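Let us walk through this structure step by step. Keep the 3D view open while reading.

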2 protein chains.
Amino acid sequence: MPNICVTIAYDGTRYAGWQIQKNAKTIQGEIEKALRKILGEKCHLIGAGRTDSGVHARAQVANFKTNKKIPTAKLQTALNVHLPKDTRIVSIKKVPLKFHAQFNAKSKLYRYTILNSRIDDPFTERFYFKVPYKLDLALMKKEAKTLLGKHDFKSFQAKSDRSPIKSTVRTIKRLSIKKTGDFIHIDIEGNGFLHNMVRNIVGTLIEIGRGYLAESNMKKIIALKDRRKAGPTAPAKGLALEKIIY
Amino acid sequence: MPNICVTIAYDGTRYAGWQIQKNAKTIQGEIEKALRKILGEKCHLIGAGRTDSGVHARAQVANFKTNKKIPTAKLQTALNVHLPKDTRIVSIKKVPLKFHAQFNAKSKLYRYTILNSRIDDPFTERFYFKVPYKLDLALMKKEAKTLLGKHDFKSFQAKSDRSPIKSTVRTIKRLSIKKTGDFIHIDIEGNGFLHNMVRNIVGTLIEIGRGYLAESNMKKIIALKDRRKAGPTAPAKGLALEKIIY
């Protein structure tokens, strides 16, 4: 029973997210459907991280087991023929039987892209959030530093989070804010994320940058453990799962 | 009668090209329609260069004259409200009455993007031509050098070229081939281009890079003045008008 690991890039615009759902188009659903067509058997795909509706991925990782003997290069080609154009299997390999894409992941790197301009970019319009206001980048960088390390991130957890894991303590290993032209990239690497945590952190940083948040001190926002003290949830379209670190 | 100059970025995918046509969606047509709605009068838009169906632009330049008094910043905002999302007015300014976007252009810079990979990139799929074969980049660079300067580019002119200008002599001022990751960018700056000239040059360079062209010597291809000796026309989707130099 070989264990196959795939790396997937997708434009999440048309999807209801990663996780398989009835009556909705999902990345997991499309790949499982393609695998069934190619291999003639039902495979269960284990994704490293669930991305929400509209969130993109440059390198989502997933694994599945199959009894069928098919060279991985052929399987990759067949998957890319069957999958919609907005979803590509960028690499494929056999992995040890015990490999589990979700449980073995040490950390995940997300990138949030802001277009800090009044004018949209028709070339990348689906992959950023446009912020047409002046942002105090130095202040954003300064306050972002407070998020590094192990904290209780309850203030950044979606109220609707129905995850069975009760602890809201997570570790942010890296957080960088870089401006290139009119684009601002916020890279956040962590050992795990609460539901909407990245988007809530970004929404808070944007409000801090605009000088719009009553409490612009990130340390206090964390300490209050109150979702209402943080900023709004930044839109899904600006978020991409960049990398899974094993 | 103020003369207004606009810089336009567009994703050319859904368009039948720049130039206004009956019963087809064109960039010139959409902008003239928007101007008519906003200003209440018909304006004639003069574009610096006509892009073909499916060709993109990061900075097309055009001018028009109007009797209406409207602050340029307001006009820009109104145009971007009326225009489809794939077309943005990135800048606007008043220019001297004698300015003519086409006749005053000293040169034009085009960029052709190749994805040299077997796997598509779902993030930029509309803006490159995928070449899944190994390319000899060093040879392509060497042969491309021959194109620099003033030459008769008849071998690279579309047979269907119905331009009233009879001379096929043009000057290429700059030609660079750069690889970044799996992307190859071919930048070509010239004082003017024959119909399909950039795409025919790129198609020829790709064939040279693959070792597929009987005559892989660019000097000979130019000298033969025969379209059949050059390579095929590279697809429109990889081409973008990058800059107009005045």
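**Helix packing and the chain interface**

In chain A, α3(A) and α4(A) are oblique to each other. The model is a predicted one. Why oblique? Helix α3 of chain A, residues 137-145, packs on helix α4 of chain A, residues 197-210, at an angle of about 135°. Angles over 145 degrees would count as roughly antiparallel and those from 65 to 115 as roughly perpendicular, so an angle outside the named ranges is oblique. The axes of α3(A) and α4(A) lie 8 Å apart. The crossing of these two helices, α3(A) and α4(A), has a right-handed sense.

Which residues make this contact? From α3(A) come Leu139(A), Met140(A), Glu143(A) and Ala144(A), and from α4(A) come Leu205(A), Ile206(A), Ile208(A) and Gly209(A). By class, the residues of the contact of α3(A) with α4(A) are 6 nonpolar, 1 polar and 1 charged.

Now turn to another helix pair in chain A. Helix α1 of chain A spans residues 27-39, and helix α2 of chain A spans residues 72-82. They pack at an angle of about 120°, and their axes are 9 Å apart. That angle makes α1(A) oblique to α2(A). The crossing of α1(A) and α2(A) is right-handed. On the α1(A) side, the contact is made by Ile31(A), Ala34(A), Leu35(A), Lys37(A), Ile38(A) and Leu39(A). On the α2(A) side, the residues are Leu75(A), Ala78(A), Leu79(A) and His82(A). The residues of the contact of α1(A) with α2(A) divide into 8 nonpolar, 1 polar and 1 charged.

Next comes chain B. Helix α3 of chain B, residues 137-145, packs against helix α4 of chain B, residues 197-210. The angle is about 135°, and the axes are 8 Å apart. Hence α3(B) and α4(B) are oblique to each other. The crossing of α3(B) and α4(B) is right-handed. Here Leu139(B), Met140(B), Glu143(B) and Ala144(B) of α3(B) meet Leu205(B), Ile206(B), Ile208(B) and Gly209(B) of α4(B). The contact of α3(B) with α4(B) has 6 nonpolar residues, 1 polar and 1 charged.

How are the two chains related? A turn of 180° with a shift of 0.0 Å along the axis lays chain A on chain B, with an RMSD of 0.0 Å. The two copies are thus related as by a two-fold rotation axis. Which residue of chain A comes closest to the rotation axis? It is Thr124(A), with its C-alpha at 3.8 Å. The same surface serves both copies, as 100% of the contact residues of chain A recur in chain B.

Last, look at the interface itself. The size of an interface is often given as the accessible area lost when the parts come together. Chain A and chain B bury about 1800 Å² between them. Carbon and sulfur atoms carry 61% of that area. Ile119(A), Pro122(A) and Phe123(A) supply 39% of the area that chain A buries against chain B. No other three residues supply more. In terms of contacts, 24 residues of chain A touch 24 residues of chain B.

Note on methods: Residues numbered from 1 in each chain as written. Chains lettered and ligands numbered in written order. Predicted model: local features only at pLDDT ≥ 70, side-chain atom pairs only at ≥ 80, totals over all residues. Heavy atoms only, no water. Axes fitted to C-alpha atoms, helices over the stretch in contact; angles between N-to-C directions. Helix = DSSP H or I, 4+ residues; strand = E, 2+ residues; numbered from the N terminus. Parallel < 35°, antiparallel > 145°, perpendicular 65-115°, else oblique. Left-handed = near helix turned anticlockwise from the far one by under 90°. Contact = heavy atoms within 4.5 Å. Nonpolar A, V, L, I, M, F, W, Y, C, P; charged D, E, K, R; others polar. Least-squares fit on C-alpha atoms with pLDDT ≥ 70 in both. Buried area = accessible area lost by both parts, 1.4 Å probe.
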